[in-house]
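Thanks for coming. I will go through one chain today, taking it piece by piece, and you can follow along on the screen.

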Amino acid sequence: MAGLQELRFPEEKPLLRGQDAAELENSDTFLLATDTDWKEHDIETPYGLLHVVIRGSPKGNRPAILTYHDVGLNHKLCFNTFFNFEDMQEITKHFVVCHVDAPGQQVGASQFPQGYQFPSMEQLAAMLPSVVQHFGFKYVIGIGVGAGAYVLAKFALIFPDLVEGLVLINIDPNGKGWIDWAATKLSGLTSTLPDTVLSHLFSQEELVSSTELVQSYRQQIGNVVNQANLQLFWNMYNSRRDLDINRPGTVPNAKTLRCPVMLVVGDNAPAEDGVVECNSKLDPTTTTFLKMADSGGLPQVTQPGKLTEAFKYFLQGMGYMPSASMTRLARSRTASLTSASSVDGSRPQACTHSESSEGLGQVNHTMEVSC
């Protein structure tokens, strides 16, 4: 890791775009989308209906941005702050945006009937080609958080030709062992479901200090998401298997993600160890590891500006948005460098470097980035 370079992202805008705790406690305000162009769809898949919201229409060969939320949330609770952030509009105007809700997790979802078998994590991934086909996408750039990151990674492993890039926030590539399973069961007996889920979403420091954000999410998880449906999703996520990936060259016939990947985790987040391990299993020439300071367990909510700038770089590394303004990064004197296509003619790979006297002339495809 000696060649890793540090990028600093100064944050100059208020988190949550000026929302205070009183606003967050109001469900209507918290869930309100600022754009009225979103269209809702219920799409048939081999494993049941998927609720999807979409804005825009496919633009030539340009991929769609497809998101998948974490357990305990839905696309609004997970991504509204990020996608409504002012600077993110510069990106979304160039792409179709498609938010996927896991079965039964959307706002107003009906409770599943008695005996309903919630899809496995592999089946959740196998539902996504139906979404891609329904809208006529050629391929997607996925943004997933926690359980959603696992689903999108599995999707990319099974259907690599449909995925051009992945942003995986708080991914844990490991299945739960017996000790973890027993701890989860015990927690379920001694804590409410929202509190159990909160320990998955937020750092211990955030939970102990009971920040306003934690309090508002406790309320939203308990009131907005159907609790019976959430319990099924929670149980299935905790029954997941190890993500079958290994860094090329470490084992015979190693299987890993073929597309560019940006891994993101907040400092002291519950998923930090899992993300670090996932980074060790991916191709270092196509992977960027972004560790965000002062962001806790939900960096897309607490630091949307920093994540937006990093995402712009990621897209530019794949050859998109070459003329996009890079205001905050420009102020910290960083620059992006788009790599040439790989030798075998596959899709472009992402790479960035720091604009400093030491960094000139050096290109590192894999970096640990402290924000």
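**Two strands and a crossover**

Strand S7, residues 261–266, and strand S8 run parallel and are joined by six bridges. Keep in mind throughout that this is a predicted model. For one position in that pairing, look at Val-265, which stands opposite Lys-291 in S8. To get from S7 to S8, the chain passes through helix H13, residues 272–280, and this β-α-β crossover is right-handed.

How many of the six residues of strand S8 are buried? Five of them are, so S8, which spans residues 287–292, is largely enclosed by the rest of the structure.

After S8 comes a loop leading to helix H14 (299–302), and Asp-294 lies in that loop. Asp-294 is exposed, because its relative accessible area is 61%, and exposed means over 50%. Its phi is near 55°, a positive value in a residue other than glycine.

Asn-253 can be described in similar terms. This residue is found in the loop between H12 and S7. Asn-253 has a positive phi of about 55° although it is not a glycine. With a relative accessible area of 79%, Asn-253 is exposed.

**The chain as a whole**

Let me step back for the overall counts. The chain has 16 helices and 11 strands. Of its 371 residues, 54% are buried. Among contacts with a separation of 6 or more, 75% are between residues 24 or more positions apart.

Now the confidence. The mean pLDDT of the chain is 81, and 73% of the residues reach 70 or more. Residues 1–35 stay under 50, and the model has 84 contacts for them beyond four places in sequence. Residues 328–367 are also below 50, with 96 contacts in the model beyond near neighbours in sequence.

**The core**

In soluble globular proteins, nonpolar side chains tend to be buried together. Here the largest nonpolar core has 98 residues, and Leu-168 and Phe-311 touch the most other members. Which helix gives the most to this core? Helix H7, residues 147–158, does, with nine residues.

Leu-168 has a list of contacts beyond four places in sequence that includes Ala-149, Leu-152 and Ala-153. The list also includes Val-261, Met-262, Leu-263 and Val-264. Those four numbers fall in the S7 range of 261–266, so you can find them on the strand we began with.

Glu-164 is found in strand S6, residues 163–169. Is Glu-164 buried or exposed? It counts as buried, because its relative accessibility is 4% and the cut-off is under 20%. The side chain of Glu-164 makes a polar contact with the side chain of Tyr-320, at 2.9 Å.

**Helix H6 and Thr-45**

Helix H6, residues 128–135, is mostly covered, with six of its eight residues buried. The buried ones are Leu-128, Pro-129, Ser-130, Val-131, Val-132 and Phe-135. Just after H6, Gly-136 takes a positive phi of about 75°.

One of those H6 residues, Ser-130, is touched by Thr-45, which also touches Leu-50 and Met-127, not counting residues up to four places away in sequence. Thr-45 sits in strand S1, residues 39–45. With a relative accessible area of 10%, Thr-45 is buried. Its side chain reaches the backbone oxygen of Gly-48 at 2.5 Å.

**Asn-226**

The last stop is Asn-226, in the loop between helix H11 (212–224) and helix H12 (227–237). Why does Asn-226 count as buried? Because its relative accessibility is 17%, and buried means under 20%.

Where does Asn-226 make its contacts? Leaving out residues up to four places away in sequence, Asn-226 touches Gly-104, Ala-109, Ser-110 and Gln-111. Another residue to find on the screen is Gln-106: it is 120 residues from Asn-226 in sequence, but the C-alpha atoms are 8.3 Å apart in space. Within its own part of the chain, a polar atom of the Asn-226 side chain lies 3.0 Å from the backbone nitrogen of Asn-229.

That is the end of the tour. I can go back to any part of it.

Note on methods. Residues are numbered from 1 along each chain as its sequence is written. This is a predicted model: local features need pLDDT of at least 70, side-chain atom pairs count only at pLDDT 80 or more; totals for chains, interfaces and linings use all residues. Side-chain values use heavy atoms; hydrogens and water are left out. Buried means under 20% relative accessible area, exposed over 50%, partly exposed in between (1.4 Å probe, protein chains only). Contact means heavy atoms within 4.5 Å. A polar contact is a pair of N or O atoms within 3.5 Å; within protein, one must be able to donate a hydrogen and the other to accept it, and residues adjacent in sequence count only if both atoms are side-chain atoms. Two strands pair if DSSP finds at least two bridges between them. A crossover is right-handed if, with the strands pointing away from the viewer, the path from the first strand over the helix to the second runs clockwise. A nonpolar core is a set of buried Ala, Val, Leu, Ile, Met, Phe, Trp, Tyr and Cys residues joined through side-chain atoms within 4.5 Å. pLDDT is the predictor's confidence in each residue, from 0 to 100.
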